[in-house]
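Colleague: Could you take me through one part of this model up close? I'd like to hear about the metal site, and then whatever helps me place it in the rest of the chain.

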Amino acid sequence: MQFKKCKHCNAVINVMNENSLKNCDLTCCNEKMEPIIPNSEECAVEKHLPTYQIKNDKLIVQVNHVMEEEHFISFIGLVTEDKEFIASLNKKDSPIVEFPYEKGSIIYAYCNKHGLWKTKVS
Ligand SMILES: [Fe+2]
C-alpha cells in the first residue's frame, strides 16, 4: 500500500498497483504528488499509532485520537499478504474499525494534520 499526497490541496490517494508506476508521476494541482512515509513511533502529544485486539478471527482496530472538525483520522487501512482494506471515516465516526485478522498484516491510520501511521499485527 502506497499513499501519495498533494502538498497544495492535501488530497491523498492510495496507489493500488505501485509496481506499474515506476516510470510515471501522478500529478495534482499541476504538480507531482509525493509519497507519504508512514510513522511507526509516537512522537506527537496526540496518539496516532493504531492499536488492535483479536476477537474471533477479527481484528478490532482503534486509534485513540480526537475526531474534531479540523483534526481527525480520515481513514484506517489494512494490508494483508494479498488484500487491502480501507475504511474511510468522517468527523462524526469513532476511529474504530473491524478487519479480518491475518498475522503479519500492516494497519495504517491517517490523521489529516499529522500524517500516516502504521502498526504491524503480530
Ligand atoms: Fe493528529
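**Around the iron ion**

Modeller: Let's start with His 48, which is buried, its relative accessible area being 0%. Keep in mind that this is a predicted model. His 48 is one of the protein donors of the iron ion, and it uses its NE2 atom. His 65 and His 71 also come in through NE2, while Cys 111 offers SG and His 114 offers ND1. These donors sit 2.1 to 2.4 Å from the iron. Read along the chain, their spacing is H-x16-H-x5-H-x39-C-x2-H. His 48 is in the loop between β5 and β6 (51–55), and His 71 is in the loop between β7 and β8, so this pair ties together parts 23 residues apart in sequence. His 71 is buried too, with a relative accessible area of 7%; the cut-off for that word is under 20%.

Now for the nonpolar packing. The largest nonpolar core counts 16 residues, and Leu 59, Val 61, Ile 73, Ile 76, Val 97, Phe 99 and Ile 107 have the most contacts inside it. Two or more of its residues come from each of β7 (58–62), β8 (73–79), β10 (96–100) and β11 (106–111). Apart from this core there is another one, of eight residues, including Ile 36, Phe 75, Tyr 110 and Leu 116. If you want one residue to click on, try Val 97: leaving aside residues up to four places away in sequence, it touches Leu 59, Ile 60, Val 61, Ile 76, Ala 87 and Leu 89.

Going back towards the N terminus, there's an open sheet of three strands, ordered β2-β1-β5, with antiparallel pairing. Its edge strands are β2 (12–15) and β5 (34–35), each pairing on one side only. Strand β1 (residues 2–5) is joined to β5 by two bridges, and Lys 4 has Pro 35 as its bridge partner in β5.

One last stop is Lys 7, in the loop between β1 and β2. Buried or exposed, at 61% relative accessibility? Lys 7 counts as exposed, because the cut-off for that is over 50%. Its side chain still makes a polar contact, at 2.9 Å, with the side chain of Glu 31. The C-alpha atoms of Lys 7 and Cys 29 are separated by 8.8 Å, with the two residues 22 apart along the chain.

Notes
Residues are numbered from 1 along each chain as its sequence is written. This is a predicted model: local features need pLDDT of at least 70, side-chain atom pairs count only at pLDDT 80 or more; totals for chains, interfaces and linings use all residues. Side-chain values use heavy atoms; hydrogens and water are left out. A nonpolar core is a set of buried Ala, Val, Leu, Ile, Met, Phe, Trp, Tyr and Cys residues joined through side-chain atoms within 4.5 Å. Buried means under 20% relative accessible area, exposed over 50%, partly exposed in between (1.4 Å probe, protein chains only). Helices (H or I, at least four residues) and strands (E, at least two) are DSSP runs, numbered from the N terminus. Contact means heavy atoms within 4.5 Å. Two strands pair if DSSP finds at least two bridges between them. Donors are N, O and S atoms within 2.8 Å of the metal (3.2 Å for Na, K and Ca); water is not among the atoms, so sites may look incomplete. A polar contact is a pair of N or O atoms within 3.5 Å; within protein, one must be able to donate a hydrogen and the other to accept it, and residues adjacent in sequence count only if both atoms are side-chain atoms.
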